[in-house]
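Visitor: Could you take me through the interior of this protein, with a close look at how its nonpolar residues are packed together?

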Amino acid sequence: MRGKLIACEILCREFADALARSPHVISVEFLGKGLHDRAGAAMRDELQRRIDAVPADEYDVILLGYALCGNGLHGLTARAVPLVVPRAHDCITLLLGSRARYEEEFARNPGTYFRSTGWMERGQGLEPLVSIRTGAGASLEELIARYGEDNGRYLFRELNSYQQSYSRLAYIHTGLEPDPEFARQAREEAAARNWEFAAIQGSLRLFRQLLAGDWPEEDFLVAPPGARIVARYDGRILGIEQEEPGP
């Protein structure tokens with residue numbers, strides 16, 4: 001099998017490990033972390049553009065190293081070759097190895113903010129979308145200088161209100177860490193936010209299966225040529241619709 005992997009750079013280490021173990025010929029294209037935060041139609045349109053640029057005569061399949069990520073996969077269409085994508089709401093599911101593990105972790109600790117090696121080295125400063133688009137990370141003084149006293153204080157409260165939903169930061173170990181530095185940074189971030197810190201064990205299973213061509217229906221969606229990926233609001237997360245034939 002000759003495959004083309006299009007993946008988020010946040011997952012670079014995990015896919016590099018899977019690539020080294022794959023029995024297949026896989027070409028890789030990593031996209032910048034900012035695409036994830038655009039989500040929705042903007043993310044879908046960029047992914048579709050990358051998919052459409054893949055030469056159909058050179059590859060048997062296109063592998064997507066993304067989760068649904070704010071409906072960023074909804075509406076993607078397979079062209080001349082199949083698309084394969086994990087059934088996952090977000091990258092935390094990928095890093096934990098299954099939807100069941102993610103649901104279990106969330107049920108036990110619903111106020112958890114997750115970090116991984118990729119997020120520590122490539123995604124620092126990425127916060128909820130509303131914050132990114134309106135100036136997250138700015139100090140109170142910077143916002144007052146930019147927007148005035150009342151508006152600056154209001155924006156500062158709004159941009160930082162998401163933190164009230166969290167009380168715990170969990171660093172996901174996958175075994176690919178070169179040293180303890182990333183875990184140390186995560187622990188320091190938790191302390192700075194006055195959150196509990198936890199180190200939890202991740203899994204590389206879904207990364208390795210995707211690149212190995214091992215795609216059980218429970219964990220992966222295979223969209224044949226001409227099919228459109230759609231979000232499903234059930235445990236399957238993703239489904240397919242066949243495009244209507246043209247006139």
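Guide: A contact here means heavy atoms within 4.5 Å, and the model in which contacts are sought is a predicted one. By that criterion, and leaving aside residues up to four places away in sequence, Leu47 touches Ile6, Leu31, Leu35, Tyr66, Gly72, Leu73 and Leu76. Leu47 belongs to the largest nonpolar core, which has 56 residues, and within that core Leu47 and Leu73 are the two that touch the most other members. Among the helices and strands, helix α4, covering residues 91-96, gives the most to this core, namely 5 residues. Apart from the largest core lies another one, of 10 residues, including Tyr171, Ala186, Trp195 and Phe197.

The packing also leaves enclosed space, since a search of the whole structure finds 2 cavities of 30 Å³ or more. The second largest cavity, with a volume of about 40 Å³, is lined by Phe15, Gly65, Pro86, Leu94, Leu206, Phe207 and Leu210. That lining divides into 6 nonpolar residues, 1 polar residue and no charged ones, and its largest share, 3 residues, comes from helix α11, which spans residues 205-212.

As for cysteines, the search of the whole structure finds 0 disulfides. Cys8 is in no disulfide, and the nearest cysteine sulfur, that of Cys91, is 6.9 Å away; Cys8 is buried, at a relative accessible area of 7%. Cys91 is likewise in no disulfide, its nearest cysteine sulfur being that of Cys69 at 6.2 Å, and Cys91 is buried too, with a relative accessible area of 9%.

How values were computed
Residues numbered from 1 in each chain as written. Predicted model: local features only at pLDDT ≥ 70, side-chain atom pairs only at ≥ 80, totals over all residues. Heavy atoms only, no water. 1 Å grid on protein atoms, 1.4 Å probe; cavity = no way out; pocket = protein on both sides within 12 Å on 5 of 7 lines; lining within 4 Å. Points joined across faces, edges and corners; volume = space filled by probe spheres on them. Helix = DSSP H or I, 4+ residues; strand = E, 2+ residues; numbered from the N terminus. Nonpolar A, V, L, I, M, F, W, Y, C, P; charged D, E, K, R; others polar. Core = buried A, V, L, I, M, F, W, Y, C linked by side-chain atoms within 4.5 Å. Buried < 20%, exposed > 50% of the residue type's maximum accessible area, 1.4 Å probe, protein only. Disulfide = S-S within 2.5 Å.
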